[in-house]
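Got your viewer open and your mouse ready? Let's take a walk through this one, a selection at a time.

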Amino acid sequence: MSEAAPPRPPEKGPCDLLVHGTGGIMGTVEGADALAISDGKVLAAGTEAELRARYEPAHQVDAHGLLGLPGFVDAHTHPAFAAGRAQEFDWRAEGLDYLEIAARGGGIHSSVRAVREASEEELTACVAAHFRRMQRHGTTTCEAKSGYGLSLEDERKSLRAIHAAAAATGMQVRATCLAAHMVPLEHQESPDRYLDLLCEEILPAIREEQLAEAADVFIEQGAFDLAAGRRYLERAKELGYGLRVHADQFHALGGVQLAVELEAESVDHLEVLSDAGLEALAMSRKVHAGLLPAVPHFLRQADDAPARRLIAAEVPYFVATDFNPGSSYTASLPEAAHFARIRLRLSSAEALHGITHGAACSLGLGQTKGRLDPGFDADFVLCELPDLAHLGYGFGENPVQRVFVAGRELR
Ligand code: NIG
Ligand code: FE
């Protein structure tokens, strides 16, 4: 009589990479502290013991003492600039505000001058440097806007620079055409001519050349009024762009309601969001509120977006840097999370959602980015944080130690 054979351990499958020893992996798998990765995707998240029983890894990363988080997603950035605007800090100290600086030919117009003077190669090098700064702070995917070119030639150059810099750095990018950032100086006497140019030439050409998937407009006094914003966004929608909108930063002109009406992906800033705007967002629950809490800090603005009211109304949201030379010169999403926690009163879990999955959803990437669940892209960061409660607690220092895109470390 033969003895019953002892049950065989289940066969282990191969995996490219096992990340273990983290102080926690923030996905939806409860209690996970390890990740198994193959072909750039998360195979499984779980405890180290579970994953070692199931997988034979080709490579391992010992993440002892570090917190594993999804790669950060920055859903609102303006990286296509060629020079900083540090001198504006002094003008501001003299008492000039953001719109007065712009009216002086400073602000956005001075960034436009610098972009127009730069060659495509020079601008690409600037954007790549910006992407590397973002990556060092944990951003693995970003939305990147043009908007300092303001002519077909210079918007095209900006978007091409964004794509070239993405290829050079490994930043995963969704590009947005912000040719309606401001009316350029040469069209100040006839802003309608610029609007014609936007709708009849710039938007169609950029779309035709597949340089941008979304279009954005700055609806504000001194930029575009509501009627111009409507014409631009309706044309962009007709051409198949996703819509993103800058609105209610200093004046509530109705841009939020317009964004809801046109089913935009997001409407961002909202520091002076009106009750009507909030109601429209709460009714829709589809248009993301883009929270940019470093901006009012940077501009010494007293108002903050009413984030608690938006979240209570179940409006989908994200938290972004708004990285740009004039109103938010930070490439760091951990810093944006800090301001979100201080100024917007977000919890650490809400801030993390804002810089990961909430942001991914606003970009149409909610099925692949921003979480570390099976099937998602293996974009993750290892942070020197004892636990999630410490995300955005410290400021002025970078907690991100290691950054991985599709299972490969960026160096
Ligand atoms: O999102 N508000 C408009 N545009 C940017 C600022 C651009 C700039 O000042 O260069 C923003 O804050
Ligand atoms: Fe912006």
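Start by selecting Asp322: with a relative accessibility of 1%, this residue counts as buried, because buried means under 20%. Keep in mind as you click around that this is a predicted model.

**Stop 1: the iron ion**

Now add ligand 2, the iron ion, to your selection. Asp322 coordinates it through OD, and His76, His78 and His246 do so through NE2, at 2.0 to 2.4 Å. If you trace these donors along the chain, you get the spacing H-x1-H-x167-H-x75-D. Two of them, His78 and Asp322, tie together distant parts of the chain, 244 residues apart. Look for His78 in the loop between strand 6 (72-77) and helix 2 (87-93). Asp322 sits in the loop between strand 13 (317-319) and helix 13 (333-343). Is His78 buried or exposed? His78 is buried, since its relative accessible area is 2%.

**Stop 2: the two domains**

Zoom out and colour by domain. Domain 1 takes in 13-70 plus 371-409, while domain 2 is 72-362. Their C-alpha centres are 31 Å apart.

Next, select the place where they meet. Here 22 residues from domain 1 contact 20 from domain 2. Together the domains bury about 1,600 Å² between them, with carbon and sulfur atoms giving 64% of that area. Which residues of domain 1 lose the most area to domain 2? Click on Pro70, Leu391 and Gly392: together they make up 29% of what the domain 1 side buries.

How many salt bridges run between the two domains? The count is zero. There are, however, seven residue pairs in polar contact between domain 1 and domain 2, both residues being at pLDDT 80 or more. To see which elements of domain 1 give two or more residues to this side, highlight strand 5 (67-70), strand 14 (380-383) and strand 15 (400-405). Strand 15 gives the most, with four residues.

**Stop 3: Glu213**

For the last stop, select Glu213, in the loop between helix 7 (191-208) and strand 9 (214-218). Glu213 counts as partly exposed because its relative accessibility is 44%, and partly exposed lies between 20% and 50%. Show its neighbours too: leaving out residues up to four places away in sequence, Glu213 touches Arg174, Ala175, Arg207, Gly240, Tyr241 and Gly242. Finally, try your distance tool from Glu213 to Gly354. They are 141 residues apart along the chain, and their C-alpha atoms are separated by 22 Å.

Methods. Residues are numbered from 1 along each chain as its sequence is written. Chains are lettered from A and ligands numbered from 1 in the order in which they are written. This is a predicted model: local features need pLDDT of at least 70, side-chain atom pairs count only at pLDDT 80 or more; totals for chains, interfaces and linings use all residues. Side-chain values use heavy atoms; hydrogens and water are left out. Donors are N, O and S atoms within 2.8 Å of the metal (3.2 Å for Na, K and Ca); water is not among the atoms, so sites may look incomplete. Buried means under 20% relative accessible area, exposed over 50%, partly exposed in between (1.4 Å probe, protein chains only). Domain bounds come from an automatic or database domain assignment. Contact means heavy atoms within 4.5 Å. Buried area is the accessible area (1.4 Å probe) that two parts lose on being put together, summed over both. A salt bridge is a side-chain nitrogen of Lys or Arg within 4 Å of a carboxyl oxygen of Asp or Glu. A polar contact is a pair of N or O atoms within 3.5 Å; within protein, one must be able to donate a hydrogen and the other to accept it, and residues adjacent in sequence count only if both atoms are side-chain atoms.
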